[in-house]
Amino acid sequence: MENKEKLLKIENLHINFITVDGTVKAVNGVDLELNKGETLGLVGETGAGKTTTALGIMRLVPNPPGKILDGDIQFEGQSLLKLSEEEMRRIRGNKVSMIFQDPMTSLNPVETVGDQIAEVISIHQDVTNEEAKKKAAEMLELVGIPAARLNEYPHQFSGGMKQRVVIAIALACNPQLLIADEPTTALDVTIQAQVLEMMNKLKRDLGTSMLLITHDLGVVAQVCDKVAIMYGGEIVEAGSLEDIFENTKHPYTMGLFGSIPNMEDDVDRLSPIKGLMPDPTNLPSGCKFHPRCPYAKPICQEKIPTKTEVSPGHKTICLMYEEATKSLFDGPKEEK
């Protein structure tokens, strides 16, 4: 087996938001690992805790009301949670960059795109203003925008072009880790395909590792090496792309696949997951997915499932796969 160098390791991460209406348990014991040069897809419904996990990595969880209660986030073997704000500022945007969810609101409308790219370069690299501007022009070319548009303003660009500018800003300092929070959600399918192809090319050319947050399993199949499925602030299933797509284990992951059209199956209707995401201020007892799970048994309401490795590197949290309780279920077929 190829020995890959670990870049990011998240252990038992808990993030809460304390509000007047109650405590929002947004992230509840997340464990994630990402090696250098890999792309990890973080998938789940809205409210699963994906963006909050990413903000935790960047140390951008708003405090108050947000607070990282427990766990550790290690980047290149160094705990990000133990760094001072000044030390974190040197990493953020330099070694770790993030493409935020909406490019329309990520750009400053009164500054040229060239100035916005050059600003990141000037902050993190010892260069003159002229050198920063030259590098900004190169970054625009890299994402497929003519350098001649360096002095134009965001309102002069289409949605897809703005997304490319945001990606150029994120990649300006050649980060080792790029966090992309639904980078193609607001784009039409043609531009979406172009942006994904560009991100794949940049990953190959620059050797950047990527954490891709998305709802779209088609995007995951096209871009990712590993996949983590998130529900109720937890990683319910994680493994290689092949593990998740070809050997699906958790009922929630099965539900996600059942909710999308399949060219190979002739069905009259899709099978969406019944019900809604749980309220993070009042999470269900036991397994958080049990109110919506077609395989749920009474024990699921009481016992919290623990992580089970169903095959090397393929992990899930479900009582169907725990030795002490799996005999109670007539669920998915066992591994051959």
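**Pockets, rings and sulfurs: worked exercises**

Strands S1 (6–19), S2 (22–35), S9, S10 (234–240), S11 (307–311) and S12 (314–317) each give at least two residues to the lining of the largest pocket. Strands are DSSP runs of E, at least two residues long, and helices are runs of H or I, at least four, both numbered from the N terminus. A pocket is an open set of 1 Å grid points over the protein atoms alone where a 1.4 Å probe fits, with protein on both sides within 12 Å along at least five of seven lines; lining residues have an atom within 4 Å of a point.

This is a predicted model: local features need pLDDT of at least 70, side-chain atom pairs need 80 or more, and totals for chains, interfaces and linings use all residues. Residues count from 1 along each chain as its sequence is written, and side-chain values use heavy atoms, leaving out hydrogens and water.

**Exercise 1.** Find the element that gives the largest share of the lining of the second largest pocket.

*Solution.* Go through the lining element by element. H4 comes out on top, with five residues.

**Exercise 2.** Work out how Tyr 231 and Tyr 252 pair, and which parts they tie together.

*Solution.*
1. Start with the total: the structure has four aromatic pairs (ring centres within 6.5 Å; planes under 30 degrees apart are stacked, over 60 edge-to-face, the rest tilted).
2. Tyr 231 and Tyr 252 sit 4.6 Å apart, centre to centre, with 55° between the planes, so this pair is tilted.
3. Tyr 231 is in strand S9 (residues 226–231) and Tyr 252 in helix H10 (residues 251–258), so the pair links parts 21 residues apart in sequence.
4. Tyr 231 is buried (under 20% relative accessible area; over 50% is exposed, in between is partly exposed; 1.4 Å probe, protein chains only) at 2%. Tyr 252 is buried too, at 0%.
5. Now a second pair: Phe 245 and Phe 257 are edge-to-face, at 5.0 Å centre to centre and 75° between planes. Phe 245 belongs to helix H9 (residues 241–246) and Phe 257 to H10, so parts 12 residues apart get tied together. Phe 245 is partly exposed, at 25%.
6. Last bit: Tyr 231, Tyr 252 and Phe 289 make one aromatic cluster.

**Exercise 3.** Explain why Cys 287 and Cys 300 don't form a bond.

*Solution.*
1. Searching the whole structure turns up zero disulfides (cysteine sulfur pairs within 2.5 Å).
2. The cysteine sulfur closest to that of Cys 287 is in Cys 300, 6.0 Å away, which is too far for a bond.
3. Buried or exposed? Cys 287 counts as buried at 13% relative accessibility, and Cys 300 counts as buried at 6%.

Definitions and conventions
Phe/Tyr/Trp six-rings, centres within 6.5 Å; stacked < 30°, edge-to-face > 60°.
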